[in-house]
Amino acid sequence: MSYVNNFSLEGKIALVTGASYGIGFAIASAFADAGATIVFNDIKQELVDKGLAAYKEKGIEAKGYVCDVTNEAQVQELVAKIEKEVGVIDILVNNAGIIKRIPMTEMSAEDFRQVIDVDLNAPFIVSKAVIPSMIKKGHGKIINICSMMSELGRETVSAYAAAKGGLKMLTRNICSEYGQYNIQCNGIGPGYIETPQTAPLRETQPDGSMHPFDKFIRAKTPANRWLKPEELGGPAVFLASDASDAVNGHILYVDGGILAYIGKQP
Ligand code: NAP
Ligand code: GCO
C-alpha cells in the first residue's frame, strides 16, 4: 500500500462542531476531500441550513444537526442520533468556540463563565460523549482547536486564554487517559485566521487606514499576512488520519511562525 494512503479518511465518520462556516467548515471540507463522511452541528437551524447549502455547493453531502455543545443532554442526544443515522464517530473536532474581548476588570463573571463554557467545558462534554463508542470500535481521533492563547496572553482576552490554556491540558489528559484504547487526542493551535471571529480586528478604519491590530499581527507573522481557514486543512487531515497514530497529546501550531518570531522591527 502506498504511504500516501495513510492520510486517507475513506470510510471514516467525522463530527466537526460549530462547522457551518469558518475554521470548522474548512477543516470539514478538507476531511471530505480525504474521503470522510461529514457531520456537523451548529446552535441555530438557520446556520445548519446555511452550512448544508455551502457544503452542497462544494459537492459535499454533509449531515447537519442543531445542538448547543454546552448542553450535555443535547450532546448525548446528538451523538446517539449520529450513531443511529450515520454510524459511530471515528473523528471528533472540538471546533465550536466564542471569544469576548473585554478588559478583565470590566468583564462580568457571567461573561467569563460563558467563554469557559463553550471553549473548555463543551470539548469535555462532547469528548466524554464520543469516547465510549471509540473504545468499543478500537480506535478514535480527537482534535481540539486550541489557539495562540493556549501559550500567550494579551489584553482583553482573559477568559479565552484561560479556556484555550485549559483546552491544551484537557488534550494532554485525554491522551494520557485513553491512549491505551488506541485513541489519539491532539490539538491544532491556529495563528490569526481570516474568519468572522477575527473580522473586528481587521476592519478598515473610518479614515480608510488599516486596523491597528491588523498591522500588529502582520508584523508578528513572518509571512506578514493573516492565514486562511483552508490552510488548516492539511494539518487537520494529518491528525485525523492513520498517518498520525503515533502522535498523541501534541498541540500542532499552524501559525505561520508567530510563536517563533519576536516580530518585525517597526
Ligand atoms: P467563528 O467564525 O466565530 O465560528 C465559530 C463557530 O462555532 C460558529 O459556527 C458558531 O455558531 C459555533 N458555536 C459557537 N458557540 C456554539 C455552541 N454553544 N454550540 C454550537 N456551536 C457553537 O470562529 P472561527 O474563527 O471559525 O473559530 C473556530 C475555532 O477556532 C474556535 O474554537 C476559535 O476559538 C478557534 N480559533 C480561531 C482562530 C482565528 O484566528 N479565527 C485562531 C485560533 C483558534 P454561531 O454562529 O451560531 O455562534
Ligand atoms: C484575538 C483573536 C485570537 C484568535 C486566535 C489566535 O482577539 O486575539 O481572536 O484569539 O482568535 O485565538 O490564535
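I take a residue as buried when its relative accessible area is under 20% and as exposed when it is over 50%. The model I examined is predicted.

**Helix H7**

I looked up the burial of helix H7 (233-240). Because 6 of its 8 residues are buried, I record H7 as largely enclosed by the rest of the structure. The buried residues are Gly233, Pro235, Ala236, Val237, Leu239 and Ala240. I then checked what they pack against, and found H1, E4, E5, strand E6 (183-190) and strand E7 (251-254).

**Nonpolar cores**

I turned next to the largest nonpolar core, which has 32 residues. Which of them touch the most other members? I noted Ile27, Phe31, Ile38, Tyr55, Val93, Ile143 and Ile188. At least two residues of this core come from each of several elements, including H7, strand E2 (37-42), helix H2 (45-57), strand E4 (91-94) and strand E5 (140-145). Helix H1 supplies the largest share, 7 residues.

I followed Ile188 further, leaving aside its neighbours within four places in sequence. Its contacts include Ile143, Asn144 and Ile145, and also Pro235, Ala236 and Leu239. Leu252 and Val254 are likewise among them.

I also found a second, separate core of 31 residues. Ile89, Leu92, Leu120 and Ile142 are among its members.

**Surface**

Finally, I examined a nonpolar surface patch of about 330 Å², made by Tyr3, Val4 and Phe7. Is Tyr3 buried or exposed? I list Tyr3 as exposed, because its relative accessible area is 58%. Tyr3 lies in the segment before strand E1 (13-17).

Terms used: Residues are numbered from 1 along each chain as its sequence is written. Chains are lettered from A and ligands numbered from 1 in the order in which they are written. This is a predicted model: local features need pLDDT of at least 70, side-chain atom pairs count only at pLDDT 80 or more; totals for chains, interfaces and linings use all residues. Side-chain values use heavy atoms; hydrogens and water are left out. Patches are made of residues with over 30% relative accessible area and no salt bridge: like charges are joined within 9 Å, nonpolar side chains (Val, Leu, Ile, Met, Phe, Trp, Tyr) within 5 Å. Accessible areas come from the Shrake-Rupley method with a 1.4 Å probe; for residues, only the protein chains shown count as cover. A salt bridge is a side-chain nitrogen of Lys or Arg within 4 Å of a carboxyl oxygen of Asp or Glu. Helices (H or I, at least four residues) and strands (E, at least two) are DSSP runs, numbered from the N terminus. Buried means under 20% relative accessible area, exposed over 50%, partly exposed in between (1.4 Å probe, protein chains only). A nonpolar core is a set of buried Ala, Val, Leu, Ile, Met, Phe, Trp, Tyr and Cys residues joined through side-chain atoms within 4.5 Å. Contact means heavy atoms within 4.5 Å.
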